Amino acid sequence: MQFEVWAPLTGRVAVRLDDATYEMARDPDRDGWWTAQAPAADGSRYGFLLDGEEPPRPDPRGRRLPDGPDGLSAVVDFEALAPRHTPPRTTLQDAVLYELHIGTYTPEGTFDAAAARLGHLASLGVTHVELMPVCPFPGRHGWGYDGVAPWAVHEPYGGPAGLARFVDAAHGAGLGVVLDVVHNHLGPSGNHLPAFGPYFTDTHHTPWGAAVNLDAAGSDEVRAYLLGSALAWLRDYGIDGLRLDAVHALADDRALPFLEELAAAVDELAADTGRPLFLIAESDRCDPRTTTPRAAGGLGLHAQWNDDFHHALHCALTGESHGYYADFAAAPFAALAKTMTRAFFHDGTWSSFRGRSHGRPVDRRRTPAHRFVGYTQTHDQIGNRALGDRLSASLSPGLLACAATVALTGPFVPMLFMGEEWGAGTPWQYFTDHPDPELAEAVRSGRRREFAAHGWKAVEIPDPQDPATRDRSCLDWSEPERAPHARLLDWYRTLIALRRSHPDLRDPDLAAVRVVHDEERRWLTFRRGDVRVCVNLSPEPVTIPLGRNGARVLAGWEPIDPPAPDGRIRVPGESAVVLGP
């Protein structure tokens, strides 16, 4: 087997394979690369000795770290992980995503345990499972955004074999799989990349320190490293798409942006394999160029999360107005109407949270609605709250049903966060498992300081290092069968089925969406082709004028009569209704 590693600043490299050491030679055709031939098989442990320094370090491109980030790498035979099922070919336009954290989806916190629950997702009607990051990080439990090995899989979840089984099981259930990957930083502990080469640069500074090197000396190889990792998930595991974490934090001044290069490579792989692969960006920029096709001067990513839609809907539901919610809270129904018809609320408008103008208008006549992902809750919007409280902790089942109605019949690709479909009573809190006591204390005290600035007492903030914090965040699988959860779950199934059976609800024409609202009386209605949707967030019944065009009730949260002959419909308090021709 050939071993190879990029270590341009090193004078001598050897590979330690099981109990033997093999000197490596410089590759004459690739500057900075070292190679060696050595006998190895699936599971063989190995690492690299840089200038003779012990202990050996794990392979930056290693596919498995059976003993964690500071242990040796292990060889993975992907032929032994060959799938049995063909991936589905669902496009983004027809997608309903489901964000899932392996470590808390079940108490066991493994790929196999999550795979055993895929039947629930298939019956719910979602099309893709969006896994939060699965790369190795120190300890057993964590969100995954402190990963340190972008080519490997967290061993406590089940390692590469566990991920392969999960993806194959999902495909067998008719579900696609999207994976959340992090390119903007690596975790603070267990990161061995700086020893190998200029993977980071002081040219830019980020909230995590030195930036990943995308544009300084040596950045060609760093970009190839990240690009190769992204393609490996799609190629070797059969994953159907990637969610790119916080792309606004990628510091990249080169003429060809890394994101554009990545999008082109994924499109090429999709063409070669005949699979509808896609990239979804998390971006704070409100910049339509993120998803504008490359031929039109954009980066060419396929969709981006739309936090503006979330913020407007959240403010309409809760009345919250702190922090970045302030601009949306002034007139939340108007803000929601704007995001549903123009995608971004901040499209060059003043952002009080940022203290400047923000965003850029979307050309809604040329930009399909499926370039944006819409949601009522995400891991960030729940877990970054002081107590990790979901909407279900403060809203009635009726308001939760209204929120689901807007997201699942609205113009954007819908995404759910695990458990929201039954109004989970469990929180989803910020938890870590750092073995380094100094780092653990820094995270604990830092979180308490953060929320102390907003009036919280330290004792009120869950300790991220306490195992009970993670345990509280695990879903309670007895809830979906009990009231009031079962009724809400049935409503989600109904809405997803309507989206699947009514093409108007998947129409990509953003310019065709029509929204009318009453800020004072707290109702909103919108048209998607021949489908009309009415949502009443007030506790009192309201009468909504729809016009004299005739309509029948397709689904209602509460029993509801069809519109009167004059086109007016009486909608009960905290309720929603979907109407067809």
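Reader: Hi! Where does D51 lie?
Author: Hello! In this predicted model, D51 lies in the loop between β6 and β7.

Reader: And what is its phi, about?
Author: The phi of D51 is positive, about 55 degrees, although D51 is not a glycine.

Reader: Is D51 buried or exposed?
Author: In between: D51 counts as partly exposed, at 46% relative accessibility.

Reader: Which other residue that isn't a glycine has a positive phi?
Author: D18 is one of them, with phi near 55 degrees. You'll find D18 in the loop between β2 (13–17) and β3 (20–23). D18 is partly exposed too, with a relative accessible area of 43%.

Reader: Back to the β6 and β7 loop for a second. What joins E54 and P55?
Author: A cis peptide bond, with omega about -10 degrees. P55 sits in the loop between β6 (45–50) and β7 (73–74), and D51 lies in the loop between those strands as well.

Reader: Cool. What kind of bond joins A483 and P484?
Author: That one is also a cis peptide bond, and its omega is about 0 degrees. P484 is in the loop between α14 (467–472) and α15 (485–501).

Reader: You've named a few strands now. What is the strand order in the open sheet?
Author: The order is β3-β2-β6-β7, which makes an open sheet of 4 strands with antiparallel pairing.

Reader: Which strands stand at the edges?
Author: β3 and β7 do. Each has a single partner strand, so one side of each has no neighbour in the sheet.

Reader: And how many bridges join β2 to β6?
Author: There are 5 bridges between β2 and β6, and these two strands run antiparallel. To pick out a pair, look at L17: its bridge partner in β6 is Y46.

Reader: New topic: how many disulfides are there?
Author: The count comes to 0. A disulfide is a covalent bond between the sulfur atoms of two cysteines.

Reader: What about C402, then: how far away is the nearest cysteine sulfur?
Author: It belongs to C534 and is 11 Å away. A disulfide needs the two sulfur atoms within 2.5 Å, so C402 is in no disulfide.

Reader: Is C402 buried or exposed?
Author: C402 counts as buried, at 0% relative accessibility.

Reader: Last one: is C135 buried or exposed?
Author: C135 is buried, with a relative accessible area of 14%. The cut-off explains the label, because buried means under 20%.

Terms used
Residues are numbered from 1 along each chain as its sequence is written. This is a predicted model: local features need pLDDT of at least 70, side-chain atom pairs count only at pLDDT 80 or more; totals for chains, interfaces and linings use all residues. Side-chain values use heavy atoms; hydrogens and water are left out. Buried means under 20% relative accessible area, exposed over 50%, partly exposed in between (1.4 Å probe, protein chains only). Two strands pair if DSSP finds at least two bridges between them.
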